[in-house]
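Here's a friendly walk through one protein model and its ligand. Take a look at the structure first, then read on.

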Amino acid sequence: MSALPLLSRKERPWWRDAVTYQIYIRSFADANGDGKGDVNGIRSRLPYLKELGVDALWITPWYPSPQIDHGYDVADYLNIEPDYGNLAQAEALIKEVHEFGMKILVDIVPNHSSDKHAWFQEALQSAPGSIARERYMFRDGKGKDGELPPNNWQAVFGGPAWERIREADGKLGQWYLHLFAVEQPDFNWENAEVREHFEEVLRFWLDRGVDGFRIDVAHGMIKAPGLPDVVAPDPKAEMLAPENRPFWDQDGVHDIYRQWRRILDSYQGDRMAVAEAWVSPASRIARYLRPDELANSFNFDFLSSPWEPITLKKMIDRSIAALSEVGAPSSWVLNNHDVVRSVDRFDLALIPGKANTTLERHGDVTKFDIVRGTQRARAGALLMLALPGGAYVYQGEELALPEARDIPEDRLTDPRWALSQQTDRGRDGCRVPLPWRSSPAGAFGFSSENNLTPSQSWLPQSDGWGTFSVESQDSDPDSTLNLYRRALAIRRGEEALGDGSIEWLDASNSVLAFKRSEDFACYVNFGAPIALPKSAQVLLASSPINGGMIPTDATVWMRISSK
Ligand code: NOJ
């Protein structure tokens, strides 16, 4: 085995081992009965999260926002969206999370603001070249009268990444860059005021006690000098670009993180930041995790891998090797609010020619088998939680929620839907409000308003949503909820889990088998049933073990003899 960490789990920073639970605030719990989740809803469910056994919470953007991209279009970084509550409630939540012995991260969105942000409104009313325009990416257009966009960049959500504005005289004028929706103008990170503002934002929330930040589009803030055209057949700003793009992963972002790290380190406790950096290969991720930069970066290679042992093993090895170069742990992740839920993904990915089911919603759903998908998602979860490093769990993952495919078209809210000319249904299917109770009242217990029906929550819930509810799963020993609870409890008690080393064991091509210590092993079986290793004692299994056999699509944690 490679070297074990020198410090014990208690001594090393919490974020090297933590299991962090992502709360998509709009869909978690609705305390004021308006069909949208809120801060007080989260407060009411802290006992649930404590019992689940996670170490930290990450709250998706809760700032005032027109909600074009559900909070990733921020109008004011120093306040709380009125639909979600107020600052006093947010402060109370931070305190209560700590009282429960958990950490709390907030989402920071530095690449772009909402077009309703006071700075952008000021920029629109100011002249080209003014101080206000300099805070964003305004440029003159090309062509005789500036009628063509400044370059060929296409937005992530579809369509051109540039929007032309009308100047004060009513005439068409400059263009501004928006790598996402038109309502999400990109900041100019070469501008000192922008940098200073975000330092103030960090301090504002650190002063209120947050333990860190999830950094949105962490690889996007700096653009290549001169904003050159993308020289590739498709200039689209895909999040995981197949090759270099002049707007992703530029060297200059690292100066920002070095400065942010200094701020984080100036506070007591192990304050940290996790990057949402869709960059590849893992050696590029490692650059964000150098000792004077960020703590974690989501492992999107893991999330993007199909349910296939050889690909997974290679990816795991490459990640661990690249990150160990900079002394960083990996942060495994299988789900978030942007991707097809793992229950569906691990099954749909099998369909030939439709491999990319992560960000694009392809896949032949007629062949989707929810039983098999659920088995794989459960097996994937135990694999993830046994790997060295930390993990991020997305709300509803612990309930094995599938992707909701029955949202009526007129209820879809993701900007992708309209911007893709209604060819991509977007991400709403993984964002449907959580079912807490089995009966439909109060949108399956999501809302405190009992009269609210499942179709009246901000996104409608499917008819059968109650079968996935916390209430239905709570007393069922075989439920996915109880699988997560037990896995997290074992993980907490097992010093070798979390950060540390991995030793692969000999196994067939359809099995991943590894040890995390002399007596703890994890077997993941992708093929026909296999016998448990001799004298193994099962600690936890994602599917029932019958007659000493590990079934297909199952993961087993076991105690093995140290000889
Ligand atoms: C990544 C976020 O996770 C996603 O939800 C959002 O749409 C984009 N960044 C733009 O902020």
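## A serine in a loop

Between which strand and which helix is the loop that holds Ser114? Ser114 sits between strand E3 (103-108) and helix H4 (118-125). A quick word on those labels: helices (H or I, at least four residues) and strands (E, at least two) are DSSP runs, numbered from the N terminus.

Before going further, note that this is a predicted model, where local features need pLDDT of at least 70, side-chain atom pairs count only at pLDDT 80 or more, and totals for chains, interfaces and linings use all residues. Residues are numbered from 1 along each chain as its sequence is written, and side-chain values use heavy atoms, with hydrogens and water left out.

Back to Ser114: its relative accessible area is 0%, so it counts as buried. (Buried means under 20% relative accessible area, exposed over 50%, and partly exposed in between, with a 1.4 Å probe and protein chains only.) The side chain of Ser114 also reaches the backbone nitrogen of Lys116, at 2.8 Å. That makes a polar contact, meaning a pair of N or O atoms within 3.5 Å; within protein, one must be able to donate a hydrogen and the other to accept it, and residues adjacent in sequence count only if both atoms are side-chain atoms.

## Another serine, in a helix

Now hop over to Ser324, which is part of helix H10 (residues 309-324). Is Ser324 buried or partly exposed? Ser324 is partly exposed, because its relative accessibility is 47%. Ser305 is 19 residues away from Ser324 along the chain, and their C-alpha atoms are 21 Å apart.

## Around the ligand

The ligand has 13 residues around it, and the closest are Asp69, Asp216, His337, Asp338 and Arg427. To be near the ligand, a residue needs one of its heavy atoms within 4 Å of it. Sorted by class, this shell has seven charged, four nonpolar and two polar residues. (Ala, Val, Leu, Ile, Met, Phe, Trp, Tyr, Cys and Pro count as nonpolar, Asp, Glu, Lys and Arg as charged, and the others, Gly among them, as polar.)

How far from an oxygen atom of the ligand is a polar side-chain atom of Asp338? For Asp338 the distance is 2.5 Å. Asp216 has a side-chain N or O atom 2.7 Å from a ligand oxygen, and for His337 the figure is 2.8 Å. Taken alone, the ligand exposes 300 Å², and the protein buries 99% of that. Accessible areas come from the Shrake-Rupley method with a 1.4 Å probe, and for residues only the protein chains shown count as cover.

## A three-strand sheet

One open sheet has three strands in the order E4-E6-E5, paired antiparallel. Strand E4 (138-139) and strand E5 (162-166) are the edges, each pairing on one side only. Two strands pair if DSSP finds at least two bridges between them. E5 and strand E6 (residues 172-177) run antiparallel and share four bridges, with Trp162 partnered by Leu177 in E6.

## Strands E12, E13, E14 and E18

Further along the chain, strand E12 (residues 503-504) pairs antiparallel with E13 over two bridges, and Glu503 has Lys515 of E13 as its bridge partner. A hairpin of six residues links E12 to E13. Strand E13 (residues 511-517) then joins E14 through six antiparallel bridges. Here the hairpin has two residues, and Ser517 is partnered by Phe520 in E14. E14 also shares six antiparallel bridges with strand E18 (residues 554-559), where Ala521 stands opposite Met558.

Why is strand E14 (residues 520-525) largely enclosed by the rest of the structure? Six of its six residues are buried, so E14 is largely enclosed. In a regular strand the side chains alternate between the two faces of the sheet. In E14, Phe520, Cys522 and Val524 are buried on one side, and Ala521, Tyr523 and Asn525 are buried on the other. E13 is mostly covered too, with seven of its seven residues buried.

## Cysteines

Cys522 has a relative accessible area of 0% and is buried. Cys430 is buried as well, at 1%. Taking a disulfide as a pair of cysteine sulfur atoms within 2.5 Å, the count comes to zero.
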